[in-house]
Amino acid sequence: MTQEKKVSVKKKAYVLNDELADKIRQEMKAKNKRFFNVMGSIGAGKTAILEQIAEKLSKKYKVFVINGDVATTIDADRIAEHGAKTVQINTGGGCHLNAQLIQNELSKINIDDYDIFFAENVGNLICPANWDVGAELNIVVVSITEGQYVVKKHPIMFKGADIALINKCDLNIPGFDADTLVKDCSMIKSDMKVLKTSAVTGEGIEELIATLGIEL
Ligand code: MG
Ligand code: ZN
């Protein structure tokens with residue numbers, strides 16, 4: 001394939017994905033459902049945050065979580081312990097979720113059986129930013145163990161996010177201030193909502209739920 005042709009095939013894949021993502025978003029809105037996409041590195045604490053959220057929300061709402069990972073059902077099994085219905089997508093080698101993978105799972109259930117949907121994306125701070133999954137808001141989780149330059153080094157991910165969580169704030173890392181990451185997020189996107197969280201102490205979780213506009 002010529003280089004030009006390769007580029008146009010890739011472009012077409014993005015266009016088709018964005019169209020399907022918009023369709024998912026519109027359907028969710030029409031049905032008065034909420035759908036959030038959670039992104040972040042491997043080990044940032046996406047699953048732990050979702051465990052905390054599921055624990056609180058499932059007392060009042062029906063929650064459905066779609067977990068994306070290359071292999072295993074570990075994350076879906078963990079979150080299912082907290083009252084949510086979960087399904088695991090194994091992407092094989094795939095390093096991100098896309099709208100088609102989400103649509104495949106939504107088509108297997110009755111959307112009306114649930115109130116709030118989450119996707120836990122495959123762990124990385126690069127390509128999930130380019131693949132709209134049809135969520136109304138994108139949440140990026142970054143932990144203070146990822147180093148002081150992690151936000152600055154991934155501007156596309158943070159530009160595309162509506163909410164950033166600075167996670168593992170219960171840890172004390174000498175010489176490291178979580179507020180540096182908060183500031184970096186605001187530099188990349190001035191209107192981004194940034195919250196400091198800990199899935200261990202529960203810091204920031206209720207604030208996050210309120211930020212999503214969900215009443216507990
Ligand atoms: Mg996970
Ligand atoms: Zn990818």
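Ten salt bridges are present in this predicted model. The stops below visit three of these pairs, a network and an annotated domain.

**First stop: Asp132 and Arg25**

Select Asp132 and Arg25 and display their side chains, which meet in a salt bridge with an N to O distance of 2.7 Å. The two residues belong to distant parts of the chain, 107 residues apart. Arg25 is found in helix α1, which spans residues 3-30, while Asp132 sits in the loop that runs between β4 (116-120) and β5 (137-143). With a surface displayed, Arg25 should be read as partly exposed, its relative accessible area being 22%. Asp132 is likewise partly exposed, at 24% relative accessibility.

Keep both residues selected and add Asp22. Asp22, Arg25 and Asp132 are linked in a network of salt bridges.

**Second stop: Lys31 and Asp112**

Move next to Lys31, which forms a salt bridge with Asp112; the closest N and O atoms of this pair are 3.4 Å apart. Here two loops are linked across 81 residues: Lys31 lies in the one between α1 and β1 (34-40), and Asp112 in the one between α4 (99-106) and β4. Are these two side chains buried or exposed? Neither term applies, because Lys31 is partly exposed with a relative accessible area of 31%, and Asp112 is also partly exposed, at 44% relative accessibility.

**Third stop: Lys56 and Glu206**

Now select Lys56 and Glu206, a salt bridge in which the closest N and O atoms are 3.3 Å apart. Which helices hold the two partners? Lys56 lies in helix α2 (residues 46-57) and Glu206 in helix α7 (residues 205-211), so the pair ties together parts of the chain that are 150 residues apart in sequence. The relative accessible area of Lys56 is 26%, which makes this residue partly exposed. Glu206 has a relative accessible area of 49% and is partly exposed because the exposed class begins only over 50%.

**Last stop: residues 37-195**

Finally, colour residues 37-195. UniProt, in an unreviewed entry, lists this range as "domain: CobW/HypB/UreG nucleotide-binding". What are the helix and strand contents over residues 37-195? The chain is 27% helix and 23% strand over this range. To close the tour, select the C-alpha atoms at the two ends of the range: they are 16 Å apart.

Terms used:
Residues numbered from 1 in each chain as written. Chains lettered and ligands numbered in written order. Predicted model: local features only at pLDDT ≥ 70, side-chain atom pairs only at ≥ 80, totals over all residues. Heavy atoms only, no water. Salt bridge = Lys/Arg side-chain N within 4 Å of Asp/Glu carboxyl O. Helix = DSSP H or I, 4+ residues; strand = E, 2+ residues; numbered from the N terminus. Buried < 20%, exposed > 50% of the residue type's maximum accessible area, 1.4 Å probe, protein only. UniProt positions renumbered as here; feature names shortened; annotations may be inferred.
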